[in-house]
Amino acid sequence: ADKVTINSAAVRNPDFIRDASQEYGSSTIAVSLETIFSEGNKYYVLIESGREKTNVELFSFIEKIQKLGAGELIITSIQHEGRRKGFNIDLYKKIKKLTSVPLVAHGGAGSVEDIVEVFQEADVDAVSLASLLHYSYMKKNNENFEQGNMIFSQNYNNDSNQKLTINGIKKSLLDKNINIRIWNKNQI
């Protein structure tokens, strides 16, 4: 593997980040943090795939884990996750000012325009996409599509972007002069 992502273990034992980055190099250690805007107008870190709140304040924790050797940050805004109504642009702008490592935005993409906006407005280094792409596959290949998390499937059913593809998204980003990595321009 070229890179591993650490989530709950990073919050429970931040020294694990230091140990891992010293052993394998910081470029191989990504820390994924789910966050929620909460009491006192602060963002807090969640663990266990966003199911358990901690008292860890997001911005101070980001500063700490960078010093410990985190080589990349993947930040999920829980209030935006799965809703497909756009990224939390203000959050990513604030984090971008604090970080010296690549920042990956996750949670909220509902259209190509949302992806363009987070690149242009928040200057993130990458985006992580899920429901924007996989619900069309699930619906096409799963007769039990309506089972499971209804918020996600309802958002899909009400969406006009159901036929987006990775190549289509890449083409749109290239058309907006957003620098993306492509393997073969002829595939787009």
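In this predicted model, helix 3 passes helix 4 in a right-handed crossing. Helix 3 covers residues 58–68 and helix 4 covers residues 89–98. Their axes come within 10 Å and cross at roughly 35°. On the helix 3 side, the residues that meet the partner are Leu58, Phe59, Ile62, Glu63 and Gln66. Helix 4 answers with Leu91, Lys94, Ile95 and Leu98. Sorted by class, this contact of helix 3 with helix 4 has 6 nonpolar residues, along with 1 polar and 2 charged ones.

Next come the empty spaces. Rolling a probe the size of a water molecule over the atoms shows where empty space is left. The largest pocket turns out to have a volume of about 580 Å³. Its lining is made up of 16 residues, and the ones that lie nearest the centre of this pocket are Phe119, Ala126, Val127, Lys170 and Arg181. Which helices and strands each supply at least two residues of this lining? They are helix 5 (112–122), strand 7 (126–128) and helix 8 (166–175). Helix 8 gives the most, putting 4 residues into the lining of the largest pocket. As for chemistry, the lining of the largest pocket has 12 nonpolar residues, 1 polar residue and 3 charged residues.

There is also a cavity to look at. A search of the whole structure for cavities of 30 Å³ or more finds just 1, and the volume of the largest cavity is about 80 Å³. The largest cavity is lined by 14 residues, and Glu81, Gly108, Ala109, Ala130 and Ser131 are the closest to its centre. By class, the lining of the largest cavity splits into 4 nonpolar, 7 polar and 3 charged residues. Put the two linings side by side: the pocket has 12 nonpolar residues, while the cavity has 4.

That leaves the charged pairs. Side chains of opposite charge can pair when their charged atoms come close. In this model, the count comes to 6 salt bridges. One of them links Asp15 with Arg18. How far apart are the closest N and O atoms of Asp15 and Arg18? The distance is 3.1 Å, and the salt-bridge rule asks for a nitrogen within 4 Å of a carboxyl oxygen. Both residues sit in helix 2 (residues 15–24). Because Asp15 and Arg18 are 3 residues apart in that helix, about one helical turn separates them.

Conventions:
Residues numbered from 1 in each chain as written. Predicted model: local features only at pLDDT ≥ 70, side-chain atom pairs only at ≥ 80, totals over all residues. Heavy atoms only, no water. Axes fitted to C-alpha atoms, helices over the stretch in contact; angles between N-to-C directions. Left-handed = near helix turned anticlockwise from the far one by under 90°. Contact = heavy atoms within 4.5 Å. Nonpolar A, V, L, I, M, F, W, Y, C, P; charged D, E, K, R; others polar. 1 Å grid on protein atoms, 1.4 Å probe; cavity = no way out; pocket = protein on both sides within 12 Å on 5 of 7 lines; lining within 4 Å. Points joined across faces, edges and corners; volume = space filled by probe spheres on them. Salt bridge = Lys/Arg side-chain N within 4 Å of Asp/Glu carboxyl O.
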